[in-house]
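Let's take a walk through this structure together, with the sequence and the coordinates side by side. Keep your viewer open, and pick out the residues as they come up.

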Amino acid sequence: VQLQASGGGLVQAGGSVRLTCTPSRRGFKIMGWYRQAAGKQREFVARITAGGELTYADSVKGRFTISRDVRKNTMYLQMNSLRSDDTAVYYCNAFQGDINYWGQGTLVTVSS
């Protein structure tokens with residue numbers, strides 16, 4: 001299984017970016033986004049279940065929106081009001097059974 005993440009780049013503080021994740025197969029019960037800033041551990045950002053339940057880290061609530069287009073088999077992370085501490089490599093994640101699958105990561109850099 002491969003997860004193709006894209007959409008990262010350089011953005012000014014207060015700006016917006018949308019990340020996209022496309023898995024190589026369908027049917028994941030849970031998909032989500034994690035991020036890892038330089039020198040820090042990977043941390044949870046947001047997740048969405050097949051039933052549409054959403055969960056967010058406190059640090060991104062009200063600013064980030066996770067969504068999923070089942071027909072296109074694609075997951076999105078709309079990131080608004082970006083701050084410098086949102087700078088990180090963002091990883092797409094998919095969970096099925098007992099297995100976690102990870103994408104290659106896409107870098108988001110927020111300049112102040």
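A good place to start is the inside. In this predicted model, the largest nonpolar core has 28 residues, and Trp33, Leu77 and Tyr90 are those with the most contacts inside it. Many strands feed into this core: β1 (3-6), β3 (17-23), β4 (30-36), β5 (43-49), β7 (64-69), β8 (74-79), β9 (88-96) and β11 (106-111) are the elements that give two or more residues to it. The largest share, four residues, comes from β9. As a general background, nonpolar side chains tend to be buried together in soluble globular proteins.

Now move to β1 and look along the strand. In a regular strand the side chains alternate between the two faces of the sheet. Here Leu3 and Ala5 point to one face and are buried, while Gln4 and Ser6 point to the other and are not. The partner of β1 is β3: the two run antiparallel and are joined by four bridges. To find the register, pick Leu3, which stands opposite Pro23 in β3.

Next, follow the chain through β4, β5 and β6. Strands β4 and β5 run antiparallel, with six bridges between them, and Gly32 has Arg47 of β5 as its bridge partner. Six residues lie between the strands of this hairpin, and Gly39 takes a positive phi near 80° there. From β5 the pairing goes on to β6 (residues 54-56), again in the antiparallel sense, over three bridges. Ile48 stands opposite Leu54 in β6. This second hairpin has four residues between its strands, and Gly52 in the turn has a positive phi of about 95°.

Which residues have a positive phi although they are not glycines? Most residues other than glycine have a negative phi. Asn73, however, has a positive phi of about 55°, and Ser81 has one of about 50°. Asn73 is found in the loop between β7 and β8, and Ser81 in the loop between β8 and β9. Their surroundings can be read from their accessibility: Asn73 counts as buried because its relative accessibility is 16%, whereas Ser81, at 40%, counts as partly exposed.

Let's turn to the charges. Side chains of opposite charge can pair when their charged atoms come close. The structure holds five salt bridges. One of them joins Asp86 and Arg35, with the closest N and O atoms 2.9 Å apart. This pair links distant parts of the chain, since Asp86 is in the loop between β8 and β9 and Arg35 is in strand β4, 51 residues apart. Are these two residues buried or exposed? Both Asp86 and Arg35 are buried.

Compare that with Lys61 and Asp58, which form a salt bridge with the closest N and O atoms 3.2 Å apart; both of these residues are exposed. Arg83 and Asp85 also meet in a salt bridge, at 3.2 Å from N to O. Arg83 counts as partly exposed because its relative accessibility is 36%, and Asp85 counts as partly exposed at 49%. Beyond single pairs, salt bridges that share partners join Arg35, Glu43, Arg63 and Asp86 into one network.

Finally, look at the rings. A search of the whole structure finds three aromatic pairs. Phe28 and Tyr101 form one that is edge-to-face, 5.6 Å centre to centre with 65° between the planes. Phe28 lies in the loop between β3 and β4 and Tyr101 in strand β10 (residues 99-102), so this pair ties together parts that are 73 residues apart in sequence. Phe28 counts as buried at 2% relative accessibility, and Tyr101 is buried too, with a relative accessible area of 18%.

Tyr34 and Phe44 form another edge-to-face pair, 5.6 Å centre to centre with 75° between the planes. Because Tyr34 lies in strand β4 and Phe44 in strand β5, the pair ties together parts that are ten residues apart in sequence. Tyr34 and Phe44 also belong with Trp102 to one aromatic cluster. Trp102 then leads us to Arg42, whose charged end sits over the ring of Trp102, 4.6 Å from its centre. The charged end of Arg42 sits over the ring of Tyr91 as well, 3.7 Å from its centre.

Technical notes: Residues numbered from 1 in each chain as written. Predicted model: local features only at pLDDT ≥ 70, side-chain atom pairs only at ≥ 80, totals over all residues. Heavy atoms only, no water. Core = buried A, V, L, I, M, F, W, Y, C linked by side-chain atoms within 4.5 Å. Buried < 20%, exposed > 50% of the residue type's maximum accessible area, 1.4 Å probe, protein only. Salt bridge = Lys/Arg side-chain N within 4 Å of Asp/Glu carboxyl O. Pairing = 2+ DSSP bridges. Phe/Tyr/Trp six-rings, centres within 6.5 Å; stacked < 30°, edge-to-face > 60°. Lys NZ or Arg CZ within 6 Å of the ring centre and 35° of its normal.
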